Amino acid sequence: MTDAITGEPVENAFVEVVGAGLSAYTDGRGEFRIRGLESGEQTLRVSRMGYAPSERRVEVRNGASTWVNVSLGVQPVEIDEIAVEATAAIDATRDVITRAEIESSGELTAAGLIEGRAGVVVQRRGPGAPQTVSIRGSSADEVLVLLDGAPLNDPITGAADLSTVPTSQIETLTVLRGSQSAIYGPGAAGGVVLIESRMTAPPLGLSAETGSLGYWSGRAETSGPLLGLAWSAGGQVRRAEGSFEFERPRELGGGRATRQNADYYEADGFASAVGGLASGDLRLRGGFTQLERGVPGPSFLPTPSAREELTRWRGQVTWDRVAGRFRHAARLFGVYQDVRFVDPAPPQGLPYDSRTEALALGGRLSSELDLQSAMRSLWSGVEVRDQRYESTVLDAAAPGGRFDFGAFVGGELSPGSSSSTRLVAALRVDRDDLAKSWYPTHELSLTAVAGPATLRARHASSFSPPTFGDQFFREGIAVEPNPNLKAERIPSDIGLGVSVGGNLGTTTASLSIDGYIADVKDMIIWAPDFRFVWSPRNFDVKRRGVDVQAQLGLPARNLELHGTYSLARVTYDRPGDDDVQVIYRPRHSGTVGLSWQPGSWFFSADARFVGTRYPVPAPLNALEPFWTWDLRLRRSFAAAGWQITPMLAVDRVFDNRNSLIFGYPEPGRVIRFEVAAGPR
């Protein structure tokens, strides 16, 4: 809760949930929390002497926190955070990371925010390199990444590079595990990462950072009112030299070498505005990213002259309105991306200079009806995505783009006005423009609360179409495309879970366990044929596992302990031989950590475990499991009317140099120091 003109927090504002008999006052940071709400849509009413009253409609879900941003003034707009929480239990099927958590994390990219979360593995090839994500053993192209509703997945490879989304641009990040195509469309077979870009900034904020590998960065942010809108804007520049020494693997002769051509430069910015239009809420967001980095290649075949250049512009308009029992929403987006790879002197093969220009436009229209009965609500809508591009990496048979269309319906059933049981059903049908086929997907989920426990059951389906890069890339030596690839499908994703949360004296505790069976039909995996020619091929894969999350809080000591564990058994479905783990999918992974916040200090320590990986489709050449430790230390203090926050971040504290993928070394211990400042 903030003042619309000054941006300062509004203290002692009275917030009530209409009709629920629950209320709270905002604290000195302008924040409040209300627990124990029923799931469904609620109305918040906010009032304070000297400010115009404000009302907001909020969707509350069991096992999740709903964050609402409200500004009080002559024309109320959304600025800063307050929270309404449905239950105290955590949920191993989803993670919601807020702006406050992002700033505390000390992470540089979206990938860093989700690395080590239950069921999530970030696949990276060294510092500054692309960072893609696997959820529950999925391929990177089976995880749909939406930035303000626009797919971030590359139109050629299908994978989303989360290293190109700096944390300075993120307002919230949500990870949804399991099949999500019935809600979010194609490409969501493994899960979805939802990134909402910044909507808020302080009136003035500055930060500077330096660290290992020749790293430095600078950032500035500001905000204010204009023409009835509240606007925010900011920008950041980052650079790193990236060179470091590493030990060669014994398999490659041992000895020491220097990792070169691992530098990067990035400049990015964002702008947003919120206000009212046609009795509804209007949001405008935009941003750009410019990135240049070396592509050093594997350590056993380095490419000292390979470079990547990326330019991305994005924009989004969102409008929603509540009229009686109806809620109408519209979202339009546009993304332009230009990517160039060049190497004038590769260690093998011919020099190349490839370029891909892509333009993605799309929108989503939806309406929801509040039935005010046991059948709580019904919704429906349509979604379109149009991608057009020119690329020199594809052959002449490749089309110039694709147009995808989807239509969806759904409803929520919650018998009784005070019932804690919730049944959600959704059905969607999508048109695959390239295959000229229709793909239906569904979701049926049941949530029930019994005392301190929340029970979950879910059945869903999903699909991911093959990428243009797999089907139409230019043929090379010992590699060839496969235009006959089938779509990856999960016809039956079954999930069962339970969350338990409560107080044990002065201690808070919560535990969430979710198991799943989600076999993949026609997963696309690169493999050689009898001629030892590599090509993408379809394989049936068995996929099942368990995700566990636990938290233990000691409020009197400002201490929290947390941990996760994931078992992801992802094996080829072959008669008599179904125990071979798919390449680079660790079967076991997990984290353990603590955070301590005494007064103005904040300290966190997190350990991450990555289990055995196989670099080939056979139980051979196993890569050893490993642990890494990260530390964060931060303190805030006031000086001459400014709030100063220095932070120390140390990754791989014990200089561990194991890598997820063979041949792509890590630099070991990396230290960064940041100082952020803003008016009090």
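In what order do the 4 strands of the open sheet with E3 in it stand? The order is E3-E2-E5-E6, and the pairing is antiparallel.

Okay, hi everyone. Before I go on, this is a predicted model, where local features need pLDDT of at least 70, side-chain atom pairs count only at pLDDT 80 or more, and totals for chains, interfaces and linings use all residues. Residues are numbered from 1 along each chain as its sequence is written, and side-chain values use heavy atoms, with hydrogens and water left out.

Two terms will come up a lot. A strand is a DSSP run of E with at least two residues, numbered from the N terminus. Two strands pair if DSSP finds at least two bridges between them.

Back to that sheet. Strand E3 (22-25) and strand E6 (54-60) each have a single partner strand, so they are the edges, and one side of each is left without a neighbour in the sheet. From one strand to the next, the twist averages 25°, with angles running from 0 to 180 degrees between N-to-C directions of lines fitted to C-alpha atoms. If you want one pair to look at, take E2, residues 14-17: E2 and E3 are antiparallel over 4 bridges. There, glutamate 16 has serine 23 in E3 as its bridge partner.

Now a second open sheet. It has 5 strands, in the order E9-E14-E15-E12-E13, and here the pairing is mixed. Strand E9 (94-97) and strand E13 (150-151) have just a single partner strand each, so these two are the edges, with one side of each left free of a neighbour in the sheet. Inside this sheet, E12 and strand E15 (residues 191-197) run parallel over 5 bridges, and leucine 144 is matched with valine 192 in E15.

Stay with E14 for a second, because arginine 177 sits in that strand, residues 170-177, and counts as buried at 3% relative accessibility. Buried means under 20% relative accessible area, exposed is over 50%, and partly exposed is in between, using a 1.4 Å probe and protein chains only. Which side chain does the arginine 177 side chain make a polar contact with? It's aspartate 95, at 2.4 Å. A polar contact is a pair of N or O atoms within 3.5 Å; within protein, one must be able to donate a hydrogen and the other to accept it, and residues adjacent in sequence count only if both atoms are side-chain atoms.

Serine 139 gives us another one. You'll find serine 139 in the loop between strand E11 (131-135) and strand E12 (143-147). Serine 139 is buried too, at 8% relative accessibility. Its side chain makes a polar contact with the side chain of arginine 585, at 2.9 Å. Apart from neighbours within four places in sequence, serine 139 is in contact (heavy atoms within 4.5 Å) with Val133, Glu488, Met523, Ile524 and Arg585.

Next, some hairpins. E22 and strand E23 (residues 307-323) are antiparallel over 14 bridges, and phenylalanine 288 has tryptophan 313 in E23 as its partner. E23 also pairs with strand E24 (residues 326-343), again antiparallel, over 17 bridges. Those two strands, E23 and E24, form a hairpin with 2 residues between them, and glycine 324 in the turn has a positive phi of about 65°.

Further along, strand E28 (residues 422-432) and strand E29 (residues 437-450) run antiparallel, joined by 11 bridges. Their hairpin has 4 residues between the strands, and lysine 436 in the turn has a positive phi of about 55°. E29 then pairs with strand E30 (residues 453-464), antiparallel over 8 bridges. In that hairpin, with 2 residues between the strands, glycine 451 has a positive phi near 65°.

Last topic: empty space. Rolling a probe the size of a water molecule over the atoms shows where empty space is left. A cavity is a set of points, on a 1 Å grid over the protein atoms alone, where a 1.4 Å probe fits but cannot get out, and lining residues have an atom within 4 Å of a point. Volume is the space filled by probe spheres set on the points, which are joined across faces, edges and corners.

How many cavities of 30 Å³ or more does the structure hold? There are 8. The largest has about 850 Å³ of space. Its lining has 47 residues, with Arg124, Pro127, Gln131, Asp651 and Glu666 nearest the centre. The largest share of that lining, 4 residues, comes from E10.

How values were computed:
1 Å grid on protein atoms, 1.4 Å probe; cavity = no way out; pocket = protein on both sides within 12 Å on 5 of 7 lines; lining within 4 Å.
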